Every structure is written in C-alpha cells, then in structure tokens.
Amino acid sequence: MYSSFEDLEVYKLSITFTGNIYRLLERQPLKNDFAMVDQLRRATISISNNISEGFERETDKELIRFLYFTKGFSGEVRNLFNVMEEIGYFDKRELIEYRAQIVVISKQLANYIKYVKKRCS
C-alpha cells in the first residue's frame, strides 16, 4: 500500500517524462508552433495531475476513474507524436525514446488499474 502518490513508480516516471517533453518543446520547428506546444504540455502535465488527483480522492472508485483519464492522456501524447512525425517536425528515429517512455507509463497505468480493481473486489 502506498502512503502518497509520490511513492508510485508511474507518478515518478510521469514527472521525468514531463521534464523530457518540456526540453523537447524547446527545439525548432516545434518551438514556434504554439498550439502544438500548448496541447502537448497540457496532455503531458495531465498525466501526473490525474494520478495525484485520483490518489488524493481516497476512494478506489475515484482513483480508477482518474487513472483511466490518465491512460487517455497517454494516448493523446502518443497521437501528438504521430502528428509531429507526419508534419515533418521529427522523424520516427527522433521520437523513439519519447514513445518508449509513454508506452511504459501507459502499461504501468494499466497494471495499477488492475491492481486497484482487484484490491476493491
């Protein structure tokens, strides 16, 4: 049992991922695409925000609901990577590490959801 959301490995990974994305957003040509930068920042920050908010709700039902929101934001981030690749901001090779990080986060979220569901049944 975890005493705070800061103890969760998936939360720690999401904070590191957010820092990595902020550094990515400083690169050209993405830096000047304010809409894309804003959308990617919001989606990325929502991952750690929803983990923490769900945890602080103090019920398993609410935690699961917020973890599903979080998983949705991970999918949104992956979609934004696909769009950035399609429009030529980055090639597939440049985004490999970022994709790997968000996939790990998504898988850990899925496992945590299963754990919480099992715990409350």
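In this predicted model, P29 sits in the loop that runs between α1 and α2. The peptide bond that joins Q28 to P29 is cis, with omega at about 0°. A second backbone feature is found at E58, a residue of the loop between α2 and α3. Although E58 is not a glycine, its phi is positive, at about 65°. As a reminder for reading these two sites, most residues other than glycine have a negative phi, and most peptide bonds are trans.

The helices on either side of the P29 loop can be taken next. The axes of α1 and α2 come within 9 Å and cross at roughly 165°. An angle over 145° counts as roughly antiparallel, and α1 and α2 are therefore roughly antiparallel to each other. Their crossing is left-handed. On the α1 side, the contact is made by V10, Y11, S14, I15, F17, T18, I21 and Y22; α2 contributes L40, R41, T44, I45, I47, S48, I51 and S52. Sorted by character, the residues of this contact of α1 with α2 comprise ten nonpolar, five polar and one charged.

Helix α1 (residues 9-24) also meets helix α4 (residues 96-119), with axes that come within 10 Å and cross at roughly 155°. That angle makes α1 roughly antiparallel to α4. Here too the handedness can be stated: α1 passes α4 in a left-handed crossing. From α1, the residues in contact are E9, V10, L13, S14, F17, N20, I21 and L24, and they meet Y98, Q101, I102, V104, I105, Q108 and L109 of α4. The contact of α1 with α4 is made up of ten nonpolar, four polar and one charged residue. Readers tracing α1 in the structure will find V10, S14, F17 and I21 among its residues in contact with α2, and V10, S14, F17 and I21 likewise among those in contact with α4.

The pair on either side of the E58 loop follows. The axes of α2 and α3 come within 8 Å, crossing at roughly 160°. This makes α2 roughly antiparallel to α3. Helix α2 passes α3 in a left-handed crossing. The residues of the contact of α2 with α3 divide into 16 nonpolar, seven polar and three charged.

Finally, the open space in the model deserves a look. Rolling a probe the size of a water molecule over the atoms shows where empty space is left. The largest pocket has a volume of about 160 Å³. Its lining consists of M1, Y2, S3, G54, F55, E58, T59, D60, L63, Y112 and R119. The elements that give two or more residues to this lining are α2 (34-56), α3 (60-86) and α4. By character, the lining of the largest pocket has five nonpolar, three polar and three charged residues. E58, the residue with the positive phi of about 65°, is thus one to revisit here, as one of the residues that line the largest pocket.

Conventions: Residues are numbered from 1 along each chain as its sequence is written. This is a predicted model: local features need pLDDT of at least 70, side-chain atom pairs count only at pLDDT 80 or more; totals for chains, interfaces and linings use all residues. Side-chain values use heavy atoms; hydrogens and water are left out. Axes are lines fitted to C-alpha atoms, for helices over the stretch in contact, and angles run from 0 to 180 degrees between N-to-C directions. Helices (H or I, at least four residues) and strands (E, at least two) are DSSP runs, numbered from the N terminus. Angles under 35 degrees count as roughly parallel, over 145 as roughly antiparallel, 65 to 115 as roughly perpendicular and the rest as oblique. A crossing is left-handed if the near helix is turned anticlockwise from the far one by less than a right angle, and right-handed if clockwise. Contact means heavy atoms within 4.5 Å. Ala, Val, Leu, Ile, Met, Phe, Trp, Tyr, Cys and Pro count as nonpolar, Asp, Glu, Lys and Arg as charged, and the others, Gly among them, as polar. On a 1 Å grid over the protein atoms alone, a cavity is a set of points where a 1.4 Å probe fits but cannot get out, and a pocket is an open set with protein on both sides within 12 Å along at least five of seven lines; lining residues have an atom within 4 Å of a point. Grid points are joined across faces, edges and corners, and a volume is the space filled by probe spheres set on the points.
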